[in-house]
Amino acid sequence: MTINMYKYDHVINKSKEIILYVLNVLKRKVDGASIYILQTSGLEVQSRNFNLENLFFNRNSTITITAYKDYKKCVVSSNNLSISNIKKILSHVFNMIQYTSRDRHFALPHLHLLSFQKSDISLFYPYELNVKKSMDYAKEIEMHAVEYDKQSIYIENIYINSYMHFHIIGNTDGLLQNYHSTLYSMSSVAIAKCDSVMQQDYSYTIARSFDDLNSTTWLGTTSAKRAKNRLFAKKIKTQKCPVIIFSDIANIFFSYFVSSIRGHNVYQKSTVLLNYMNKKIFPHWFNILENPNLNKGLSSKPFDSEGVKSNTRFIVQDGILCSWLLNNYTARKLGMCSTGHADSIHNWFIFSQLNVTFSDLLKKVYRGLLVTEFMGQGVNIVTGNYSQGIFGFWIEKGVIQYPVTEVTISGNLLDMWKNIVGISNDIDTRHSIQCGSVLLQNMQISGL
């Protein structure tokens with residue numbers, strides 16, 4: 001992906017011109033309006049058997065216009081940023097807003113919440129990743145995977161991705177801001193075969209800067225090793241025992257907590273945590289700190305899609321729930337202020353005061369289960385009831401013994417969160433939720 005800084009400046013300036021034009025038209029006919037433009041360009045390369053299999057060049061522009069009038073709201077989006085098309089969608093805005101329902105909570109965010117100051121977060125690290133370079137990396141990954149075990153390892157797919165994003169927002173209250181970011185990723189899907197038994201697993205790396213990606217050696221070897229380790233999985237008996245959720249998938253486990261504190265579910269009273277604000281949910285040593293201002297952070301951003309400034313905050317402190325995740329509308333419904341979560345969460349760091357290694361965590365388990373993959377959906381955030389199929393490994397006397405399959409773990413989210421007894425320091429930094437492996441004291445295991 002070749003970067004031309006002059007062209008980049010032109011993209012930003014042209015987008016700002018469009019926003020100012022739209023605002024000038026809207027402000028004479030509506031009470032308030034916000035315009036958000038997202039420009040994306042990227043390259044995706046898919047390889048198999050040392051050959052290029054699929055190639056995608058991506059260039060996409062989206063404009064979203066949100067208008068308010070007489071407590072009515074209208075949202076219109078388009079992928080065509082030409083002036084002739086924008087004039088058409090503006091006519092749709094003026095027509096549609098007449099027929100939408102009134103809601104006294106429809107309005108722009110409060111002025112004091114908006115991000116008027118230019119951000120100094122560093123998220124943009126351009127690197128010229130073309131097709132040839134991508135294929136060279138893909139071949140290296142596949143070579144390292146196959147060399148791990150030439151008799152049993154095959155590569156299903158290798159993916160090399162490179163993206164640039166440009167975010168520009170403006171509103172009738174005088175906001176006009178932008179930021180830009182890059183994102184690179186590589187992944188390897190390996191298949192292990194022995195006799196008639198086959199298993200598949202993968203590894204991946206992702207970063208804002210290409211130089212921060214893990215090596216092709218690590219990527220190929222790790223995907224091959226994980227696939228081979230899954231061979232000859234066994235079934236286990238139904239029982240209750242401790243469970244370790246591996247750091248690779250701890251973000252999935254805590255994603256149910258994210259859903260439970262989203263403003264939409266709170267004001268609709270459709271969450272198990274409805275009455276738990278400022279109450280203890282996790283152990284006293286458990287904390288979740290959100291930092292949207294982290295340089296190179298995968299979920300960093302100076303403002304959300306409504307222009308609300310992103311701030312560092314504790315979501316959970318000493319086990320106590322401190323904050324909902326609110327956009328402008330859900331905050332107004334609850335009589336609160338937006339927390340800048342119109343889109344997603346921003347760099348959650350889950351930590352304790354204890355420094356425990358993954359080996360230390362294993363030693364705490366005399367007989368139990370290490371979960372390395374979740375399968376299917378079985379979580380109800382209204383009741384907290386939890387049931388999911390898993391793949392993992394059986395633990396005896398603190399040592400991993402063999403892979404297990406056709407197993408389901410079940411419980412209730414409130415009990416599971418309360419019964420976390422340890423988190424190790426093998427933190428996976430590849431997600432918006434960064435956490436080590438999580439030890440749950442006791443869970444129902446359904447097998448044979």
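A salt bridge here is a side-chain nitrogen of Lys or Arg within 4 Å of a carboxyl oxygen of Asp or Glu. Keep that in mind while looking around this structure, which is a predicted model.

**Salt bridges**

Searching the whole structure turns up 13 salt bridges. Three of them are set out below.

| Pair | Closest N and O atoms | Separation in sequence |
|---|---|---|
| Arg226 and Asp248 | 2.9 Å | 22 residues |
| Lys235 and Glu406 | 3.2 Å | 171 residues |
| Asp248 and Arg430 | 3.4 Å | 182 residues |

Let's start with Asp248, which appears in two rows of the table: Asp248 pairs with Arg226 and also with Arg430. Arg226 sits in helix H4 (residues 216-229) and Asp248 in helix H5 (residues 247-260), so their salt bridge ties together parts that are 22 residues apart in sequence. With Arg430, Asp248 links distant parts of the chain, since Arg430 is in the loop between strand E15 (420-423) and strand E16 (433-434). Shared partners bring Asp428 into the picture too, and the salt bridges join Arg226, Asp248, Asp428 and Arg430 into one network.

How covered up are these residues? Asp248 has a relative accessibility of 18%, so it counts as buried, the cut-off being under 20%. Arg430 is buried as well, at 13%, while Arg226 is partly exposed at 22%.

The pair of Lys235 and Glu406 also links distant parts of the chain. Lys235 is in the loop between H4 and strand E7 (239-245), and Glu406 is in strand E14 (residues 399-412). Lys235 is partly exposed, with a relative accessible area of 44%, and Glu406 is exposed, at 54%.

**Two helices side by side**

H4 turns up again in a helix pair. Helix H3 (residues 131-148) packs against H4 at an angle of about 40°, and their axes are 7 Å apart. That angle makes H3 oblique to H4, and the crossing is right-handed.

Which residues make the contact between H3 and H4? On the H3 side they are Tyr137, Glu140, Ile141, His144, Ala145 and Tyr148. H4 brings in Thr216, Thr217, Leu219, Gly220, Thr221, Ser223, Ala224, Lys225 and Lys228. Sorted by type, the residues of this contact come to 6 nonpolar, 6 polar and 3 charged.

**A look at Met375**

Over in strand E12 (residues 367-375) you'll find Met375. Met375 is partly exposed, with a relative accessible area of 36%. Setting aside neighbours within four places in sequence, Met375 is in contact with Gln388, Gly389, Ile390 and Phe391. Ile420 is another matter: Met375 and Ile420 are 45 residues apart in sequence and 21 Å apart in space, going from C-alpha to C-alpha.

**Two positive phi angles**

Most residues other than glycine have a negative phi. Asn278 has a positive phi, about 65°, although it is not a glycine. You can find Asn278 in the loop between helix H6 (263-267) and strand E8 (287-290), where it counts as exposed at 58% relative accessibility.

Asp318 isn't a glycine either, yet its phi is positive, at about 55°. Asp318 is in the loop between strand E9 (313-317) and strand E10 (320-321). Its relative accessibility is 44%, so Asp318 counts as partly exposed.

Methods:
Residues numbered from 1 in each chain as written. Predicted model: local features only at pLDDT ≥ 70, side-chain atom pairs only at ≥ 80, totals over all residues. Heavy atoms only, no water. Helix = DSSP H or I, 4+ residues; strand = E, 2+ residues; numbered from the N terminus. Buried < 20%, exposed > 50% of the residue type's maximum accessible area, 1.4 Å probe, protein only. Axes fitted to C-alpha atoms, helices over the stretch in contact; angles between N-to-C directions. Parallel < 35°, antiparallel > 145°, perpendicular 65-115°, else oblique. Left-handed = near helix turned anticlockwise from the far one by under 90°. Contact = heavy atoms within 4.5 Å. Nonpolar A, V, L, I, M, F, W, Y, C, P; charged D, E, K, R; others polar.
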